Amino acid sequence: MAKVAVLGHGVVGSGVVEVLMKNTGNITQKAGESIEVKYILDIREFNDLSYKDKFTKDFSVILHDPEISVVAEVMGGLSPSFEYVRACLEAGKSVVTSNKELVAAKGALLLNIAREHNVNFFFEASVGGGIPIIRPLHQCLAANKINEIAGILNGTTNFILTKMIHEQMDFSEALALAQKLGYAERNPAADVEGYDTCRKICILASLAYGKHIYPDSVYTEGITKITLADVQYADNWGGVIKLIGRAKHLEDGRCLIMVSPALIARTSQLAGIEDVFNGILVRGDATGDVVFYGRGAGKLPTASAVVADIIDAVKAAGTHKSLYWVDDGKNWAINYKESETAFYLRLTGKPAAELKELAQAQFGEIEVLTQKEQPADEFACVTQSINEGRMDELVSGLTAAGACVASKIRVLEY
């Protein structure tokens, strides 16, 4: 019998305990032996639970118990999660986690510690909740050179944009609904400003390309400035607006990685992913495009991924060699201003005809967009592909000429 400990009894932690207890027979069959939760670490009291005797407030009890072979960290945050995970690995205990912040910040270090002590650090649940993506990247797609990864990696922002697209809610109304339904926190910044998506694409890029990429090196832009006017112009153009995290491997070994809203065509495999669902496109040189789709968060979907990692950790004879990347001290993410893309622009502040002339003078050939009841002092267009740094200069030129750049959104092809 394998005995495990769960650090944290919040939404995900309680789900992990529930799945382990409810699916005992199936889990035993898959693991080759039964798995028992011996300890649950939490500072709160849970006297009404049938397994209340498993709770402890003392981490050292778990750390120094030789019977504990696997620890599930589902507390979130960096501290004390990092200290606890590091101590467990150094004590010869495998660790599984759903903590994207921890993996994005400390993944290379923790993977190296796990390797030094011949145990495992697994984190399938840190990206995509219940969607299998970590294991496919380093196992199923191992024969591929991963050229690009792009995805809708945050269910909250996708829910908000879906409501804006289909029910014409403005951003604040859709956010309030997401909060009411429990999809968004009281402080939604991590979601709507793109930080959550940034951590996830950093994890995927680090795994795919073998070099640790830190979130603070990644250009990150959220959805707070998206308006219903932008949604309508996108619809008339033939697409939708999504928050996209993307990473592209470049010939010189560096990586173009960023998070931003984007116009994508309705024909894209990512365009139809709606509500709280996530979708991750992996572009391999042998497989072509492969898309992973499902619920990106939630109690039981995330718990399912954590428990799957527990099963793998119990079965493992030693460190899994393919789940690994290094921090060599270099910044492998290029400055996003070196890249090129097309842009959607919405201009205001002058009559539409004057704004069109200004746009044509700055960008040359443009695709003019329209919408119903378009204001007389508004103009929208899509530019040709242009260098990001040059785009900033041209936008400054528009501003100097008296135009207000109300929206600037990248146009991507997936």
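Which residues touch the most other members of the largest nonpolar core? In this predicted model, they are V16, I35, F121, L204, I257 and I310, in a core of 125 residues. Leaving aside residues up to four places away in sequence, I35 is in contact with A2, V4, L20, I27, I310, I311 and V314. A second core, separate from the largest one, has 15 residues, including F343, C381, L394 and V395.

Aromatic rings come next. Nine aromatic pairs are found in a search of the whole structure. One of them is Y51 with F55, a stacked pair with 6.0 Å centre to centre and 15° between the planes. Y51 has a relative accessible area of 13% and is therefore buried. F55 is likewise buried, at 18%. Together with F46, Y51 and F55 belong to a cluster linked by ring pairs.

F121, already named among the core residues with the most contacts to other members, also pairs with F123. The planes of the F121 and F123 rings lie at 50° and their centres are 5.5 Å apart, so this pair is tilted. F121 and F123 are both buried.

Charged side chains also meet aromatic rings. The table gives two cases in which a charged end sits over a ring.

| Charged residue | Ring | Distance from charged end to ring centre |
|---|---|---|
| K106 | F82 | 4.8 Å |
| R115 | Y324 | 3.6 Å |

In the first row, the charged end belongs to K106 and the ring to F82. In the second row, R115 supplies the charged end and Y324 the ring.

Conventions. Residues are numbered from 1 along each chain as its sequence is written. This is a predicted model: local features need pLDDT of at least 70, side-chain atom pairs count only at pLDDT 80 or more; totals for chains, interfaces and linings use all residues. Side-chain values use heavy atoms; hydrogens and water are left out. A nonpolar core is a set of buried Ala, Val, Leu, Ile, Met, Phe, Trp, Tyr and Cys residues joined through side-chain atoms within 4.5 Å. Buried means under 20% relative accessible area, exposed over 50%, partly exposed in between (1.4 Å probe, protein chains only). Contact means heavy atoms within 4.5 Å. Rings of Phe, Tyr and Trp (its six-membered ring) pair if their centres lie within 6.5 Å; planes under 30 degrees apart count as stacked, over 60 as edge-to-face and the rest as tilted. A charge sits over a ring if NZ of Lys or CZ of Arg is within 6 Å of the ring centre and within 35 degrees of the ring normal.
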